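Please examine the sequence and the structure shown here. The report below should be read alongside them.

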Number of protein chains: 2
Amino acid sequence: MERADAARNRARILEAAALLFAEKAPQDVTMDDIAKKAGVGRGTLYRRYPDRASIAVALLDEHERDLQERLIRGDPPLGPGAPPAERLAAFYAAMVRLLEDHRHLVLGSEVGRSRFETGAYGFWRAHVRALLAAAGTPGPDALTDVLLAPLAPEVYGYQRDVLGLTPARITAALARLTATLAPGAT
Amino acid sequence: MERADAARNRARILEAAALLFAEKAPQDVTMDDIAKKAGVGRGTLYRRYPDRASIAVALLDEHERDLQERLIRGDPPLGPGAPPAERLAAFYAAMVRLLEDHRHLVLGSEVGRSRFETGAYGFWRAHVRALLAAAGTPGPDALTDVLLAPLAPEVYGYQRDVLGLTPARITAALARLTATLAPGAT
DNA sequence: CTTATAAGTGGACACCATGTCCGCATCACT
DNA sequence: AGTGATGCGGACATGGTGTCCACTTATAAG
């Protein structure tokens, strides 16, 4: 069980981190900044969160859980009941929303390889993999990660910030990927 | 023009960096390591290469130039002359080869956002964008980066190292993305 | 209420990578 | 050789990281 002061400090840390991630670039937010802003010592911070990434992951957790819940038990086309292609398109649309709403956070979650090591990626992977299997798509293992790649925070950030594309256009482009589901020849 | 000693040192640096990248993880190769191994001072190293990424980029440069040349002037289906979908598939196959042959290098080239800032990415982008335009695909701007996303080094590394997929299977999965080129409705 | 104990806290500390700076060496050209 | 300019190298300051340990506080038992 968790002690009362520990819980209080955890809340403080998350709140402080959220503010900091919102106001400046992820890599410019230092562990020291977070500790200072939260009013806790360095050791206290490191006790729970070994690095920036784990803090961002914790902050994203609830939003991701929400989407995960809707994927499993929500209404179609996001939830079960719709054809795989439509469910995939709905998933893309929902992910774009998630990325858009929490852009700074998701960028703070230490992009790069570590993205694949989070529990969330495993969930998205299982979901897409299941959709591919349901559609009878050949060789779904390799295709799954191919279809998830455009959702990498850095890709989305590039499209939004550098190219100036709108979420709607990005969603439309992603929707075209559903064409790969057809069981048709290699 | 470049002084003789400068050229000699540049060669030493690149050679040393190639060896180091080959023997340990990119983020564990420090600028100091490279300078030591190359037998040059810190200042000399920083004069040309401001960070690890730029060294890896320089090392990759020749291989990328080779592929770029073949895309522009090579035989079909890689070069001009074949239908866009076939050219895209050939491009994917060539990129997988490049990634496979220089895996450690390409991973050393500082993944994440910086990938988009390299000249090479701009080239791949222009190429794919042109193929989409030639195929009459609607909204090619957003789709271009979507189609290039699976070629991110970290994605490929994950598929190879963690999932244990073969280059052939990855290439096959990428080939399915050519289905998105059809001008057909959104 | 008091006391024991385990958990939690905070900040000082050592470490390491980064990037800069400047006196000196080396090159190219005359 | 002389000369100006370019390149070299390593010492240095800076800043972030992660650890460690003496102290404090919460909780539960007597």
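The following paragraphs treat the chain symmetry, the core and the contacts with DNA.

This is a predicted model, in which local features need pLDDT of at least 70 and side-chain atom pairs count only at pLDDT 80 or more, while totals for chains, interfaces and linings use all residues. Residues are numbered from 1 along each chain as its sequence is written, chains are lettered from A and ligands numbered from 1 in the order in which they are written, and side-chain values use heavy atoms, with hydrogens and water left out.

Chain A is superposed on chain B by a rotation of 180° with 0.0 Å of shift along the axis, at an RMSD of 0.2 Å (least squares on the C-alpha atoms of residues with pLDDT of at least 70 in both). This is the relation of a two-fold axis.

The largest nonpolar core (buried Ala, Val, Leu, Ile, Met, Phe, Trp, Tyr and Cys residues joined through side-chain atoms within 4.5 Å; buried means under 20% relative accessible area, 1.4 Å probe, protein chains only) has 115 residues. Phe91(B) is among those with the most contacts inside this core.

Around DNA strand D there are 21 residues, with Thr30(A) and Arg3(B) among the closest (near means a heavy atom within 4 Å). Three polar contacts (N or O atoms within 3.5 Å) to its phosphate oxygens are tabulated.

| Residue | Protein atom | Distance |
|---|---|---|
| Arg52(A) | polar side-chain atom | 3.2 Å |
| Gly41(B) | polar backbone atom | 3.2 Å |
| Arg48(B) | side-chain N or O atom | 3.4 Å |

Definitions and conventions. Buried < 20%, exposed > 50% of the residue type's maximum accessible area, 1.4 Å probe, protein only. Polar contact = N/O pair within 3.5 Å; in protein donor to acceptor, adjacent residues only side chain to side chain.
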